[in-house]
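Subject: Structure for your review

Dear colleague,

Please find the structure below, followed by an account of what was found in it. I would be grateful if you could read the two side by side.

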Amino acid sequence: MIDLHTHSLFSDGELVPAELTRRFEAAGYRALAITDHGDQSNIDLIIPRIVAFCEEINRHGGIKVIPGIELTHIPPDAIPALVNRSRKLGAKLVVVHGETIVEPVAPGTNRMAIDASADILAHPGLITEEEVLSAKANAVFLELTSRKGHSLTNGHVARLAQKAKAPLVLNSDAHAPGDIWPIARLHEIVVGAGLTEDAYQTMIKNAEQIVERCLTSRK
Ligand SMILES: [Zn+2]
Ligand SMILES: [Zn+2]
């Protein structure tokens, strides 16, 4: 199993990257992305540190760790430039903190993240059908999440993505040890959002493809 959206204490997570990684490994995961909250003030500090950590930890075998970032509460107009800057700084996976209904994320964030071809649009809230179609066209993965609050709109996201055949991924958005979902129960989140077990298998394959691309892409 793979999780492509987690937080360490480089933002508001509780664990250093090494413990976050070890806890996911102990839970049976084979890969994860560390995607701390970033904005204009901190991406140049966080991303190089996470890149260095991943290069080091990935030499030891076992779980693979992908350096990422979650661009969070960015004014929509600034999103494209920050997506590019994050990639230049070494982020292999750029997540954008989408328009969850439990936070005042700026309207237009989902649209800009999709137009900027971010890798994953996290918790996109009440995303529109048109945006879902654009996400599919731009190969932006839409997220179902096990995180409380953000998960309130999983059913809506699942329904529109299924209708459009847009790609989905399932992530924990883990900030603390208790957020690491048992692998044996992950399918319940997908089925609970109204999708089938087959859809769950497709989501696993989507995550595998993303990891493959991240691990083989050049600096
Ligand atoms: Zn987020
Ligand atoms: Zn997050």
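Among the elements that line the second largest pocket, helix H8 supplies the largest share, with four residues. Please note that this is a predicted model. Helix H6 (154-164) and helix H8 (197-216) are the elements that each give two or more residues to this lining. The residues around the pocket include Ala 161, Gln 162, Leu 195, Thr 202, Met 203 and Asn 206. Sorted by class, the lining holds seven nonpolar, four polar and one charged residues. The space within the second largest pocket comes to about 240 Å³.

I turn next to the zinc ion (ligand 2). Its coordination is provided by His 5 (NE2), His 7 (NE2), Glu 70 (OE) and Asp 173 (OD), at 2.0 to 2.2 Å. Along the chain, these donors follow the spacing H-x1-H-x62-E-x102-D. The arrangement is irregular because the four donor atoms subtend angles of 83 to 170°, whereas a tetrahedral site would need all angles between 85 and 135 degrees.

A distance of 3.2 Å separates the zinc ion (ligand 2) from the zinc ion (ligand 1), and Glu 70 coordinates both. His 7 and Glu 70 link distant parts of the chain: His 7 is in the loop between strand S1 (2-6) and helix H1 (17-26), Glu 70 is in strand S4 (residues 64-71), and the two are 63 residues apart. His 7 has 0% relative accessibility and therefore counts as buried, the cut-off being under 20%. Glu 70 is likewise buried, at 0% relative accessibility.

Yours sincerely

Methods. Residues numbered from 1 in each chain as written. Chains lettered and ligands numbered in written order. Predicted model: local features only at pLDDT ≥ 70, side-chain atom pairs only at ≥ 80, totals over all residues. Heavy atoms only, no water. 1 Å grid on protein atoms, 1.4 Å probe; cavity = no way out; pocket = protein on both sides within 12 Å on 5 of 7 lines; lining within 4 Å. Points joined across faces, edges and corners; volume = space filled by probe spheres on them. Nonpolar A, V, L, I, M, F, W, Y, C, P; charged D, E, K, R; others polar. Donors = N, O, S within 2.8 Å, 3.2 Å for Na, K, Ca; no water. Tetrahedral: all angles 85-135°; square planar, octahedral: opposite > 155°, others 65-115°. Buried < 20%, exposed > 50% of the residue type's maximum accessible area, 1.4 Å probe, protein only.
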